[in-house]
Amino acid sequence: MNSTHEVFNQPAPLADYNLFETNRPLRDALKFNAPALQLGPLQELGATAGSAEMQTHARLANTHTPELHTHDRFGRRIDEVEFHPSYHALMKAAVGAGLHGTPWTGTSASPHVLRAAGFMLFTELEPSILCPISMSYAVTPALRSNAAVYADWGPKLASLRYDPALKSFKDKPGVTMGMGMTEKQGGSDVRANTTRAARDGSDAWGERYAITGHKWFFSAPMCDAFLVLAQAEAGLSCFFLPRVLPDGSRNAIHIQRLKDKLGNKANASSEVEFHGASAWLVGEEGRGIPQILEMGTMTRLDCALGTSGLMRQALGIAINHASQRNAFGKPLIEQPLMKNVLADLALESEASTALAIRLARAFDHPDDEHERLMARLLTPVAKFWICKRGSHFAQEAMECLGGNGYVEEGGEGVMTRIYREMPLNSIWEGAGNIMALDLLRGLRKGDAVAALAKELAPARGQHAALDRMADALPARIEAMASEVEARRLAQDVALAVQASLLAQTAPPAVVGAFCASRLGGDWGNAFGTLGAGTDFDSIIQRAQPR
């Protein structure tokens, strides 16, 4: 065929670059929160996660989605989910990087911060495989409430070796775990659960129960074991439920179907039924709610980390595109309105990174009273605000690419996956209202007002708008008698802490623009509405992905 045109003015994809070395906001957040942290592992992971090879694995794992096989060809019940090889390649890389249970046994000075930064870097791939990684991280401390089970499973939950085979834990070098909490009739209201647990004897792992019922959202059903909630004689309780029993037989977990979700395609989310499945009590009977709250704290941290990572990747793609694409006689990145949009997105991304890493720091210091209080307050705040901003952020970043941003294929096709993934982090492990209510509960424990004042104190005097908000928050917290304004309070606590962190880690251009827009009212109702006095070039240059 004769050529009809020359292909030009098409940006080169953002691939084969080091995600960590080019992420100045993340590096500054780490220097502030964990100055003694050894950065070598993150540099290695940054190169891996930024490679074209891993980007291809992420694309293929989401294109060739999991398939459920309830029976084998002879009619035997097997309840297995088959994954594309790229899924296993991604899981192997995530486990090998220690993004699962390693912080609980790690020797790093700041193991949770190290793992948090790595989790963010890996999320930039938008691989949709991090649910079992996150759950393995979250269940590890809760599992200690059954010492016998933890003795057998704890070391393998921290192993850097991934083994996808469905077989006894005794024959595996490493394992993963999931959680089964919600049911059709209750959702986040787990007290409405009807799944029953009947005593069934005892053995080396303690009190054994037979579990009968269902779970409406049972993600990553090929994990080696799960912590589930069920109603025992003393009330809602937590149980350890393995896929393969100690004698090598398969537990009575029947996968009904896989969820057909908006995004998160590579991850198998399922509906299951338990037909007298064997499980072992974790903690005390009737104490299931405290157990799930402890696990939820960890997974909520990951929601904030994951959204921050997705923001960073979407921003990088948008800047990469605008730097190479010409329109109306000059590069897009030199167009005033595009500068405003990109700078605004850069502010949001850096503020989210700062808050998420600050929250991770709190888990590295469980014996410090201030850090315990900040973990209690900032977990729902970060989960609420960062994840709420995610969907708006992804839509605006997608728009920077024009029609190409709405297309699945090519190097920029990850943008569509990011857009579909963003709402998940907001919904999973407690949607916005649940987080706002959790903040109110946190404010009633310890001297929350004093803790928040101490957190904001180092940034006092840096910007008038931040000072005004810091002055107003104590009275608002003391007067909070109704739930109706709880979401607004969560938003403002998040913004105040973000501004305070930026004042201690970011350049003046970033701090001034963030405080003027988010706290001072010099902002519209959409991204790209920063004031004319903003130092757009400095902000964008700091966010450059290359």
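This section describes a helix pair, a covered helix and three individual residues in a predicted model.

Two packed helices are described by the angle between their axes and the distance between the axes. For helix H14 (residues 464-479) and helix H15 (residues 486-505), the axes come within 10 Å and cross at roughly 140°. The crossing of H14 past H15 is left-handed. On the H14 side, the contact is made by Leu-466, Met-469, Leu-473, Arg-476 and Ile-477. These residues meet Arg-488, Leu-489, Asp-492, Val-493, Ala-496, Ala-499 and Ser-500 of H15. By residue class, the contact of H14 with H15 comprises 8 nonpolar, 1 polar and 3 charged residues.

Helix H6 spans residues 130-143 and contains 14 residues. The distance from its first C-alpha to its last is 20 Å, close to the 20 Å expected at 1.5 Å a residue. H6 is mostly covered, with 14 of its 14 residues buried.

Thr-195 is located in the loop between strand E3 (177-180) and strand E4 (196-203). Its relative accessibility is 1%, and because the cut-off for a buried residue is under 20%, Thr-195 counts as buried. The side chain of Thr-195 takes part in a polar contact of 2.6 Å with the side chain of Glu-183. In addition, a polar atom of the Thr-195 side chain lies 3.0 Å from the backbone oxygen of His-214. Both Glu-183 and His-214 appear among the residues that Thr-195 touches when residues up to four places away in sequence are not counted. The other residues touched by Thr-195 on this basis are Ile-211, Thr-212, Gly-213, Lys-215, Leu-229, Ala-230, Gln-231 and Phe-274.

Positive phi values in residues other than glycine were found for two aspartates. In Asp-16, phi is near 55°, and in Asp-79, phi is near 50°. Asp-16 lies in the segment before helix H1 (24-33), whereas Asp-79 is found in strand E2 (residues 77-82). With a relative accessible area of 57%, Asp-16 is exposed, because this value is over the 50% cut-off. Asp-79, at 3% relative accessibility, counts as buried, because this value is under 20%. The positive phi of Asp-16 thus occurs in an exposed residue, and that of Asp-79 in a buried one.

Notes: Residues are numbered from 1 along each chain as its sequence is written. This is a predicted model: local features need pLDDT of at least 70, side-chain atom pairs count only at pLDDT 80 or more; totals for chains, interfaces and linings use all residues. Side-chain values use heavy atoms; hydrogens and water are left out. Axes are lines fitted to C-alpha atoms, for helices over the stretch in contact, and angles run from 0 to 180 degrees between N-to-C directions. Helices (H or I, at least four residues) and strands (E, at least two) are DSSP runs, numbered from the N terminus. A crossing is left-handed if the near helix is turned anticlockwise from the far one by less than a right angle, and right-handed if clockwise. Contact means heavy atoms within 4.5 Å. Ala, Val, Leu, Ile, Met, Phe, Trp, Tyr, Cys and Pro count as nonpolar, Asp, Glu, Lys and Arg as charged, and the others, Gly among them, as polar. The expected span of a helix is 1.5 Å times one less than its number of residues. Buried means under 20% relative accessible area, exposed over 50%, partly exposed in between (1.4 Å probe, protein chains only). A polar contact is a pair of N or O atoms within 3.5 Å; within protein, one must be able to donate a hydrogen and the other to accept it, and residues adjacent in sequence count only if both atoms are side-chain atoms.
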